[in-house]
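Reader: I would like a close look at one part of this model. Please keep it brisk and stay with what the coordinates give.

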Amino acid sequence: MRGILIFITLVILISCKAQQVAITNVEWKLVKMGDTDLSTVGQPVTLTLDEPNKKISGFAGCNRFFGGYQSTEATLSFTGIGSTKMFCQDRMPIEDAYFQSLSSVQAYKIEGNKLYLLLEDKVMLEFSKEGK
């Protein structure tokens, strides 16, 4: 009986671990920034965290960007964010707000296939694997 309980516990722990979504090496699509819904933006704003190199990259609405990140199991912060320098008059407000939000991120949480970037308990940015 004890062996069966240990086996069931192991199966549950393994299945929970398998269901966790990795935040790295995935292209996340921004669906919400603060209270603003961005799920229908033509070319989505994206974020990719490269695990072995601790680098970020993506598309910010007008320009490609890059930088670094530091993380633990719950904390996340971005450093040295830079971008290309094209000017897109109608997209610059989104891009500027996105970079400002990224620079203030302190933590993250995962729920299903959603990634939430947080400042304290406030959701700054919401991403999805599907962009929905």
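In which strand is the place of Y116? Please go on from there to its surroundings.

Author: Y116 has its place in strand β8. Keep in mind that this is a predicted model.

Start with the residue. Y116 has a relative accessible area of 13%. The cut-off for buried is under 20%, so Y116 counts as buried. Now its contacts. Neighbours within four places in sequence are left aside here. Y116 then touches A107, Y108, K109 and E111 on the earlier side of the chain. It also touches V123, L125 and E126. F127 is a further point of reference: its C-alpha atom lies 6.4 Å from that of Y116. Along the chain, Y116 and F127 are eleven residues apart.

Next, the strand. β8 covers residues 114-119. Its partner β9 runs antiparallel to it, and six bridges join the two. One bridge pairs L117 of β8 with L125 in β9. L125 is also among the contacts of Y116. In a regular strand, side chains alternate between the two faces of the sheet. The link between β8 and β9 is a hairpin with two residues between the strands. E120 sits in that turn and has a positive phi of about 55°.

Now β9 itself. This strand spans residues 122-128. It is mostly covered, with five of its seven residues buried. β9 pairs with β1 as well, residues 27-33, again in the antiparallel sense, over four bridges. There F127 is the bridge partner of L30. So much for pairing.

L30 leads on to a cavity. It lines the largest cavity, together with L38, V41, P44, V45 and I94. The volume is about 30 Å³. The count at 30 Å³ or more is one cavity. Its lining holds six nonpolar residues, no polar and no charged.

Last, the setting. The protein chain has two helices and nine strands. From the N terminus, the order is α-β-β-β-β-β-β-α-β-β-β. The chain has 132 residues, and 39% of them count as buried. Take the contacts with a separation of 6 or more: 44% of them join residues 24 or more positions apart. The accessible surface comes to about 8,200 Å². Carbon and sulfur atoms hold 56% of that surface.

Key: Residues numbered from 1 in each chain as written. Predicted model: local features only at pLDDT ≥ 70, side-chain atom pairs only at ≥ 80, totals over all residues. Heavy atoms only, no water. Buried < 20%, exposed > 50% of the residue type's maximum accessible area, 1.4 Å probe, protein only. Contact = heavy atoms within 4.5 Å. Areas by Shrake-Rupley, 256 points an atom, 1.4 Å probe, with all protein chains shown as cover. Pairing = 2+ DSSP bridges. 1 Å grid on protein atoms, 1.4 Å probe; cavity = no way out; pocket = protein on both sides within 12 Å on 5 of 7 lines; lining within 4 Å. Points joined across faces, edges and corners; volume = space filled by probe spheres on them. Nonpolar A, V, L, I, M, F, W, Y, C, P; charged D, E, K, R; others polar.
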